[in-house]
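Please open the model in your viewer and keep the selection panel at hand. The stops below go from one residue to the sheet around it, then to the helices and the charged pairs.

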Amino acid sequence: MTEGIRPVRLTAFVHGQVQGVGFRWWARARALELGLTGSATNLPDGRVQVIAEGPRNRCDELVNLLRSGRTPGSVALVVTQYSETRGETGFVER
């Protein structure tokens, strides 16, 4: 299987003014457009955690969108890590 289409689990921690501005809804919409599954969750420290599973190239596209400057609110930093998939289904906001 080629590297770009190998399924992965993306965990992205999004820092900045990203709570209370529609960011989770926006992230969910972009992920669904890319055919990804997972979740977008507000964290107590003000970050949003985005989990996405699917082809590596699609997860990379989501990261590029998170860093694009075209998100709701204001993203200061996106920290990512990739791991093995866990079988996420759907995409939920928490």
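Select Arg9 to begin: this residue is buried, with a relative accessible area of 7%, where buried means under 20% relative accessible area, exposed over 50%, and partly exposed in between (1.4 Å probe, protein chains only). The model is a predicted one, in which local features need pLDDT of at least 70 and side-chain atom pairs count only at pLDDT 80 or more, while totals for chains, interfaces and linings use all residues. Residues are numbered from 1 along each chain as its sequence is written, and side-chain values use heavy atoms, with hydrogens and water left out.

Arg9 has its place in strand β1; helices (H or I, at least four residues) and strands (E, at least two) are DSSP runs, numbered from the N terminus. Now display what surrounds Arg9: with contact meaning heavy atoms within 4.5 Å, and not counting residues up to four places away in sequence, Arg9 touches Ile51, Ala52, Glu53, Gln81, Tyr82, Ser83, Glu84, Thr85, Arg86 and Glu88.

Which side chain makes a polar contact with the side chain of Arg9? Add Glu88 to the selection, for its side chain makes that contact at 2.9 Å. A polar contact here is a pair of N or O atoms within 3.5 Å; within protein, one must be able to donate a hydrogen and the other to accept it, and residues adjacent in sequence count only if both atoms are side-chain atoms.

**The sheet**

Next, show the strands as a cartoon: an open sheet of 5 strands has the order β4-β1-β3-β2-β5, with mixed pairing, and two strands pair if DSSP finds at least two bridges between them. Strands β4 (74-83) and β5 (91-93) stand at the edges, each with a single partner strand, so one side of each is left without a neighbour in the sheet. Neighbouring strands of this sheet are turned by 15° against each other on average, direction ignored, where axes are lines fitted to C-alpha atoms, for helices over the stretch in contact, and angles run from 0 to 180 degrees between N-to-C directions.

Select β3, residues 48-55, where 7 of the 8 residues are buried. Strand β1 (residues 7-17) runs antiparallel to β3 and is joined to it by 8 bridges, with Pro7 standing opposite Pro55 in β3. Strand β2 (residues 37-42) is likewise antiparallel to β3, joined by 6 bridges, and here Asn42 stands opposite Val48. If you follow the hairpin of β2 and β3, you pass 5 residues between the strands, and Gly46 takes a positive phi near 100°.

Move on to the pairing of β1 with β4, which is antiparallel over 9 bridges and places Leu10 opposite Tyr82 in β4. Pro7, also in strand β1, counts as partly exposed at 42% relative accessibility. Its C-alpha atom is separated by 7.8 Å from that of Glu84, although Pro7 and Glu84 are 77 residues apart along the chain.

**The helices**

Turn on helix α1 (residues 23-33), which lies across β1, β2, β3, β4 and β5 and runs at about 175° to β5. Helix α2 (residues 56-66) lies across β1, β3 and β4, and runs at about 150° to β3.

**The charged pairs**

Side chains of opposite charge can pair when their charged atoms come close. How many salt bridges does a search of the whole structure find? The search finds 6, a salt bridge being a side-chain nitrogen of Lys or Arg within 4 Å of a carboxyl oxygen of Asp or Glu.

Return to Glu88 and Arg9, which form a salt bridge whose closest N and O atoms are 2.9 Å apart. This pair links distant parts of the chain, with Glu88 in the loop between β4 and β5 and Arg9 in strand β1, 79 residues apart. Glu88 counts as partly exposed at 26% relative accessibility, whereas Arg9 counts as buried.

In helix α1, select Glu33 and Arg30, which lie 3 residues apart, about one turn of the helix, and whose side chains meet in a salt bridge (2.9 Å, N to O). Is each partner buried or exposed? Glu33 counts as exposed at 58% relative accessibility, while Arg30 counts as buried at 16%.

Finally, in helix α2, select Arg58 and Glu61, whose side chains meet in a salt bridge (3.8 Å, N to O). Arg58 is partly exposed, with a relative accessible area of 35%, and Glu61 is partly exposed, with 36%. Elsewhere, salt bridges that share partners join Arg9, Glu53 and Glu88 into one network.
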